[in-house]
Amino acid sequence: MNPRPLILIVDDEPGILRLIKTELESQDFDVIAAVDGVQGLKAVTQSQRWPDLAVLDIVMPNMTGIQLMVALREHAAIAVILLTAKDSEADKVRGLESGADDYVAKPFSPDELSARVRAVLRRSTREAQREHVFRNGAVEIDLMRRLVRRNGDIVQLSRTEWMLLQHLAGNPGKIMLNAELLHKVWGPEYSDDLQYLRVWVSRIRRKIEEDPSNPQLIKTFQGVGYMLVAPGQPARGDQTDEDVTVA
């Protein structure tokens, strides 16, 4: 039996912290709650489970929500929803540019927050393939821990980057169709937005490829899709070769 999703919530306002904790527990989530980023990071590292998602207030003493998000992602590609002040457009932009998956402006309703949590979690797949560790050259992708390393160093990915790479790494050596990737990562309404997919693949390549201008790991098959090259497989692209299959 799969455990209930585990959510980390960090907010230095005790009333809001209690409100969020009560709401999420009533919606069948397990919760770790902390009043600041330092305590939140400590609680997570001491937990036997890694959170599926974190709800973080941006403005906190000692460690901001964005700083905590970066610290958490040094260990795994955790999903993050940031809590922002209603009129702080700069906080929203900074949070999303830093890789947050969503934001909720204060004041908010408990129902709104729980709906956002469920929406972000739905974008995460929990397939058996997550237990596989993909390795090719200097790159290692741990699908169970949601962790990527290059030359032994942790690669920080946004949630969207991770979801896209996860689908490719779960099917190494197979061409993943453009429409399928767009549907799985962003939803059916994005199934024809090829430029969107190109931009995000380019971002991943800049983080994991030795030479992003001449990618050897993520290959493009024009008009068809993308493939993560399996170990020992020829790094050919821009055509459908007989030694690769379509997922």
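A residue is taken as buried when its relative accessible area is under 20%, and this cut-off underlies the description of the predicted model that follows. Across the protein chain, which has 247 residues, 49% count as buried. The chain contains eight helices and 13 strands, and of its contacts with a separation of 6 or more, 56% are accounted for by residues 24 or more positions apart.

Helix α3, spanning residues 65-72, is largely enclosed by the rest of the structure, because six of its eight residues are buried. The residues concerned are Gly65, Ile66, Leu68, Met69, Ala71 and Leu72. Their cover is contributed by both strands and helices, including β1 (6-10), β3 (53-57) and β4 (79-85) on the one hand, and α2 (37-46) and α4 (89-97) on the other. Ile66, which has its place in helix α3, illustrates the point at the level of a single residue: its relative accessibility is 11%, and therefore Ile66 counts as buried. When residues up to four places away in sequence are not counted, Ile66 touches Leu82, Arg94, Gly95 and Ser98. The C-alpha atoms of Ile66 and Gly99 are separated by 9.0 Å, with these positions 33 residues apart along the chain counted as their separation.

The strands that take part in covering α3 belong to a wider arrangement. An open sheet of five strands runs in the order β2-β1-β3-β4-β5, and its pairing is parallel. Its edges are formed by β2 (30-34) and β5 (102-106), each of which pairs on one side only, and the twist from one strand to the next averages 20°. Within this sheet, β3 and β4 are joined in the parallel sense over five bridges; among the residues so placed, Leu53 has Ala79 in β4 as its bridge partner, while Ala54 stands opposite Val80, also in β4. Helix α3 packs on the sheet through contacts with β1, β3 and β4, and its direction makes about 155° with that of β3. Strand β4 is itself largely enclosed by the rest of the structure, since six of its seven residues are buried.

A second sheet has antiparallel pairing. This open sheet consists of four strands in the order β6-β7-β8-β9, with β6 (133-136) and β9 (153-154) as the edge strands, each pairing on one side only. The pairing of β6 with β7 is antiparallel and extends over four bridges, and Val133 stands opposite Asp142 in β7. Helix α6 packs on this sheet, where it touches β6, β7 and β8 (147-150), and the direction of α6 makes about 95° with that of β7.

Helix α6 and strand β7 also take part in the largest nonpolar core. In soluble globular proteins, nonpolar side chains tend to be buried together. The largest nonpolar core has 28 residues, of which Ile141, Leu164, Ile208 and Ile218 touch the most other members. At least two residues of this core are supplied by each of β7 (139-142), α6 (159-169), α7 (178-186), α8 (194-208) and β12 (225-228), and the largest share, six residues, comes from α6. The surroundings of Ile218 can be listed in full: with residues up to four places away in sequence left out of the count, Ile218 touches Leu165, Leu168, Val201, Ile204, Arg205, Ile208, Glu209, Tyr226, Met227 and Leu228.

Several of these helices also contribute to the lining of a pocket. The second largest pocket has a volume of about 370 Å³ and is lined by 19 residues, with Arg123, Thr160, Trp186, Tyr196 and Trp200 lying nearest its centre. Helices α4, α6, α7 and α8 each supply at least two residues of the lining of this second largest pocket, and the largest share, four residues, comes from α8. Helix α4 thus appears in two of the settings described, as part of what covers the buried residues of α3 and as a contributor to the lining of the second largest pocket.

How values were computed. Residues are numbered from 1 along each chain as its sequence is written. This is a predicted model: local features need pLDDT of at least 70, side-chain atom pairs count only at pLDDT 80 or more; totals for chains, interfaces and linings use all residues. Side-chain values use heavy atoms; hydrogens and water are left out. Buried means under 20% relative accessible area, exposed over 50%, partly exposed in between (1.4 Å probe, protein chains only). Contact means heavy atoms within 4.5 Å. Two strands pair if DSSP finds at least two bridges between them. Axes are lines fitted to C-alpha atoms, for helices over the stretch in contact, and angles run from 0 to 180 degrees between N-to-C directions. A nonpolar core is a set of buried Ala, Val, Leu, Ile, Met, Phe, Trp, Tyr and Cys residues joined through side-chain atoms within 4.5 Å. On a 1 Å grid over the protein atoms alone, a cavity is a set of points where a 1.4 Å probe fits but cannot get out, and a pocket is an open set with protein on both sides within 12 Å along at least five of seven lines; lining residues have an atom within 4 Å of a point. Grid points are joined across faces, edges and corners, and a volume is the space filled by probe spheres set on the points.
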